[in-house]
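Biologist: Thanks for sitting down with me over this one. Could you show me the model, and then we can talk through the fold together?

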Amino acid sequence: MKNVRTRLSVRYLKALRAHLRQKGSDHVERAQSLGRVALAGGLATLDLALIHENAVASLASSHDFSNPRNGSFKRTGVFFTQALVPLEMAHCATRETNQHLQQRAADLAKGNRRLQREVTRREAGEVAIRNGKEKYRKLFLDSLVMQKKLRQLTHQIITAQEEERKEISRELHDEVVQTLVGINVELSALGHGAALGQDSLQEKIAHTRLLVENSVKAVHKFARELRPAVLDDLGLIPALHAFSKNLTERKKIRIQLTAFGGVEALGSAKRTVLFRVAQEALTNISRHAHATLVQISISEISDGIRMEINDNGKSFNVDKTLATSSNKRLGLVGMRERVEMVGGKLAIESKPGRGTTVRADIPFSQQKDKK
């Protein structure tokens, strides 16, 4: 900057001397040109004033600045004023820019305050959302717990129901049936020992024996419906054969059963589930489907057993039925609960013209079932 000032001092002295000599020209453009050089060189107004003062001092020996009549001093002032024009214009632009920047800074500050308020509001909203999510997550977890408890309760009810049926079936076989058989034996002996002339007594005894026989058949039927003894004594396949035969005789439905013998390797609880699913499905078919043919197949799948029951009867809307409060719905829900209780899956498909298919997949247990 010192070199700029030195060079500009030389040029300024030369231009001012020429300005004073040529009274007919005010050398405005030359003075402003020097001012632009000073501005470009980074010089301030004070620097230009010092350059002007040094130039006037140098010219004092050849010009009478003390005589106001010759106007020399005034002309130096005009020259200096014109030289200051670029600097003043730059200063004005700077002031305007500063004012604009200050206004812009104020606007930005105002915008920042609004942004800060918005950030604060959104942070509060996010906190509320997080709290809401946490609340709903807790409610969801609570609902899962309640659902699990409800499922466990349902499983317990079904298990208790099955145990109760088993107990009733055992009592009917061991006590009621034996008692009725004893009565029948006593009545038979009484009939053989009666006098030949006592026709009325013989007739009453025969009638009583017939009633007792019918009672025995009814109790056996009741016991089989509660829990067939053949299921515990012989296994699932014989139990399904017996139930199918009985249903065929009563409802005139043709039932075909094909079974994988390895199903008997399942535990008692799982074989019972399969029997109850088949029992419920066949009962529904006999009551609602008006089918003439039912096919039951039990096959081995990966790590488990699959039982499918297909009929050629009327179809029904599975989703709609499950959404109602009918007894048929309770039967479907009961089948699903039984299957899921032992870790299996139940699927029910019903389409017009194709009848209904009930599919139950029961897994082998690595420790208990699979040999």
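Modeller: Happy to, and please keep in mind that this is a predicted model. One definition before we start: two strands count as paired if DSSP finds at least two bridges between them.

Biologist: Good to know. In what order do the strands of the open sheet run?

Modeller: The sheet is open and holds five strands. Their pairing is mixed, and neighbouring strands are turned by 10° against each other on average, direction ignored. Read across the sheet, the order is β1-β2-β3-β5-β4.

Biologist: Which strands stand at the edges, each with a single partner strand?

Modeller: An edge strand has one partner, so one side of it is left without a neighbour in the sheet. That applies to residues 254-259 and 345-351, which are β1 and β4.

Biologist: And which residue is the bridge partner of I255 in β2?

Modeller: Strands of a sheet pair through backbone hydrogen bonds, either parallel or antiparallel. Here β1 and β2 (residues 293-301) take the parallel sense, over six bridges. Within β2, I255 has as its bridge partner V294.

Biologist: Now the helices: which one lies across β1, β2, β3, β4 and β5?

Modeller: Helix α7 (residues 236-251) lies across β1 and β2, at about 170° to β1. The helix you are asking about spans residues 268-289 and runs at about 10° to β3. That is helix α8.

Biologist: Last one: what percentage of the residues count as buried?

Modeller: Buried means under 20% relative accessible area. The protein has 371 residues, and the share that counts as buried is 34%.

How values were computed. Residues numbered from 1 in each chain as written. Predicted model: local features only at pLDDT ≥ 70, side-chain atom pairs only at ≥ 80, totals over all residues. Heavy atoms only, no water. Helix = DSSP H or I, 4+ residues; strand = E, 2+ residues; numbered from the N terminus. Axes fitted to C-alpha atoms, helices over the stretch in contact; angles between N-to-C directions. Contact = heavy atoms within 4.5 Å. Buried < 20%, exposed > 50% of the residue type's maximum accessible area, 1.4 Å probe, protein only.
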